[in-house]
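Welcome! Below are some exercises with worked solutions, meant to be read with the structure open beside you. Try each task before reading on.

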Amino acid sequence: MKGKVYLVGAGPGDEGLITIKGLKAIQQADVILYDRLINPKLLESAPSHCELIFCGKLPKKHLLKQERINDILIQKALEGSVVVRLKGGDPGVFGRVGEEAEALVLNKIPFEIIPGITSAIAASLYAGIPVTHREHGVSFAMITAHDKSKDGKPTIDFAGLVNSVDTVAFYMGIANISYISENLIRYGKPADTPVLLIQWGTYGRQQTLQGTLADISNKVKRAKFSNPAITLVGDIISLREKIKWFEKKPLHGRQILLPRTGTAESSIAETLKEQGADVIEFPKWVKKDVPVNESIINKLHLYDRILFTTSESIDEFFDLLSARRIDVRNITAQFYVISKKSLLVLNKRGLIGHREEKMDRHGKLLIIGNRRNHSYIVQYGRHDFLQTSECCLDEKFMPVIRQMLDEAAIDTILFPSSYSVDVLIEYASSINLNDDFLIEKQICCMGHKSWKRVEEYGLLPHFMPSEPTIAKLISALTGANEIINAMEV
């Protein structure tokens, strides 16, 4: 039985800009072939069994040639898989979707093409420039600035562009910026026409370089500006100073590594991204079921204290009770948690809990969670332990994380808990993070416990919020006054 292929546009970089239909295709995929310029965060929506294949296309290097990509799409579909070909931007705009669709037609493979937001339009808007405006530009063209032409110079009708188009977006035009500028001027474009280069558009690390046709080439050389970038040419760029918005976000430009201790979505990561930062979460975990210790389940009424070590363990525990038709009112123990997030999870179930720091040391104790969080298992002496699931490293994501780190320039490591410090130290070498990497970055801790844990590993924490809240964290990261620095702790 044949499978099916979805040729999907992932959008320009910000993972929130993928279409709903594109995301649904990822969620049902058995195999995903993805390009360099898609946001790897999107791959986390794939099923746990999904095979991930990196198709590459690094500068001056193709990891998989187009013909080989076509062969893999056909092979996997003939094996009965749901295959997603995930491309940056829109697959129909310089994305070779036509070549892939033709190959599928020849082999009678069913397929769908799912459009995406193209990078030129999205990057321009994130830089504060609409590509059309009634007073500044009523026509817009998108041009590939590298193709199979002789000497790598694109074949472009410069005279037609100059005479008929107000605003032009060149894709990947850095290498040919001198050639493009010289020819636009030669065919009649004024030398003082504004030019804006937008690198890594819609990511928190988005950078811009502005000039004119006359000077942009020299500016590129001095700034060592590089692809991936969109080159925008036209008078409409004059609107930028008036309506730019993305680069005004408080954390724009911050690139943060956030150690991940569980499978749940991180509200911290989401908030930091909303404030303009790039956030790379590591490691990625997969959850596996474990045999339930029924003897502990049968004596829950005997415990005086129950400590949950993760937010996931709370939901897993109460789901166990529900499956066994055990009334939670039979439990007389006080509930304790180690994070504010876990407290909220308890509250959503209509239950009251307390932070672990307030737990007295008397009475029979049950700790519920994952054995990986061993620091909370060994420090309380004699107690019972109930493991609700097992978190394992998602090995297939290791190359994805390495790619993300290679593309980014991490400036900050954020430790939300002492356990997160243990996790990063344990797995740092698996993604080629050496001691120099850890020493060179600013280290932010969300509390005194994580601060102390960082110091125990011989590292120097730099700052932490005056209170362990998201608002105070953002203030600390933006350099506001409400931080505690290394001299004050």
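A cavity is a set of grid points where a 1.4 Å probe fits but cannot get out, and its lining residues have an atom within 4 Å of a point. Keep in mind that this is a predicted model.

**Exercise 1. The enclosed space**

Task: find which residues line the second largest cavity, and which elements they come from.

Solution.
- Step 1. Begin with the count: the structure holds 2 cavities of 30 Å³ or more. The space in the second largest cavity is about 50 Å³.
- Step 2. Locate the lining of the second largest cavity, made up of Pro40, Lys41, Glu44, Val279, Ile280, Glu281, Phe397, Ile401 and Met404.
- Step 3. Assign elements: strand 12 (278-282) and helix 14 (398-407) are the ones that give two or more residues to this lining. Strand 12 gives the most, with 3 residues.
- Step 4. Sort by character: the lining of the second largest cavity has 6 nonpolar residues, no polar ones and 3 charged ones.

**Exercise 2. The open space**

Task: describe the second largest pocket by its volume, its lining and the character of its residues.

Solution.
- Step 1. The second largest pocket has about 1,200 Å³ of space.
- Step 2. Its lining counts 43 residues, and Ile338, Ser339, Lys340, Pro416 and Ser417 lie nearest the centre.
- Step 3. Several elements give two or more residues to this lining, among them strand 11 (255-259), helix 9 (267-274), helix 15 (418-427) and strand 22 (463-465). Helix 12 gives the most, with 4 residues.
- Step 4. By character, the lining of the second largest pocket divides into 15 nonpolar, 18 polar and 10 charged residues.

**Exercise 3. A parallel sheet**

Task: work out in what order the 5 strands of the open sheet stand, and which strands are at the edges.

Solution.
- Step 1. Follow the order 16-15-14-17-18; the pairing in this open sheet is parallel.
- Step 2. Look at the ends: strand 16 (353-355) and strand 18 (384-387) each have a single partner strand, so one side of each has no neighbour in the sheet.
- Step 3. Check the twist: on average, neighbouring strands of this sheet are turned by 25° against each other, direction ignored.
- Step 4. Zoom in on one pair: strand 14 (residues 305-308) and strand 17 (residues 365-369) run parallel and share 4 bridges. Arg305 has Leu365 of strand 17 as its bridge partner.
- Step 5. Add a helix: helix 11 lies across strand 14, strand 15 (334-337), strand 17 and strand 18, and runs at about 125° to strand 14.

**Exercise 4. A covered strand**

Task: explain why strand 7 (residues 167-171) counts as largely enclosed, and name partners that it pairs with.

Solution.
- Step 1. Apply the cut-off: buried means under 20% relative accessible area.
- Step 2. Of the 5 residues of strand 7, 5 are buried, so the rest of the structure largely encloses this strand.
- Step 3. Compare the faces: Thr167, Ala169 and Tyr171 are buried on one side, and Val168 and Phe170 are buried on the other.
- Step 4. Find the partners: strand 6 (residues 140-144) runs parallel to strand 7 and is joined to it by 5 bridges, with Ala141 opposite Val168. Strand 10 (residues 229-233) pairs with strand 7 in the antiparallel sense over 4 bridges, and there Ile230 is the bridge partner of Tyr171.

**Exercise 5. Two helices**

Task: decide whether Ser217 is buried or exposed, then find how many residues of helix 18 (residues 470-477) are buried.

Solution.
- Step 1. Place Ser217 in helix 7 (residues 216-223).
- Step 2. Ser217 has a relative accessible area of 13%, so it is buried.
- Step 3. List its contacts: leaving out residues up to four places away in sequence, Ser217 touches Ile177 and Ser178.
- Step 4. Turn to helix 18, where 6 of its 8 residues are buried. These are Lys472, Leu473, Ile474, Ser475, Ala476 and Leu477.
- Step 5. Go just past helix 18 to Gly479, which takes a positive phi of about 85°.

**Exercise 6. The whole protein**

Task: state how many helices and strands the protein has, and what share of its residues is buried.

Solution.
- Step 1. The protein has 18 helices and 23 strands.
- Step 2. Of its 489 residues, 53% are buried.
- Step 3. Along the principal axes, the C-alpha trace spans about 85 × 65 × 40 Å.

Methods:
Residues numbered from 1 in each chain as written. Predicted model: local features only at pLDDT ≥ 70, side-chain atom pairs only at ≥ 80, totals over all residues. Heavy atoms only, no water. 1 Å grid on protein atoms, 1.4 Å probe; cavity = no way out; pocket = protein on both sides within 12 Å on 5 of 7 lines; lining within 4 Å. Points joined across faces, edges and corners; volume = space filled by probe spheres on them. Nonpolar A, V, L, I, M, F, W, Y, C, P; charged D, E, K, R; others polar. Pairing = 2+ DSSP bridges. Axes fitted to C-alpha atoms, helices over the stretch in contact; angles between N-to-C directions. Contact = heavy atoms within 4.5 Å. Buried < 20%, exposed > 50% of the residue type's maximum accessible area, 1.4 Å probe, protein only.
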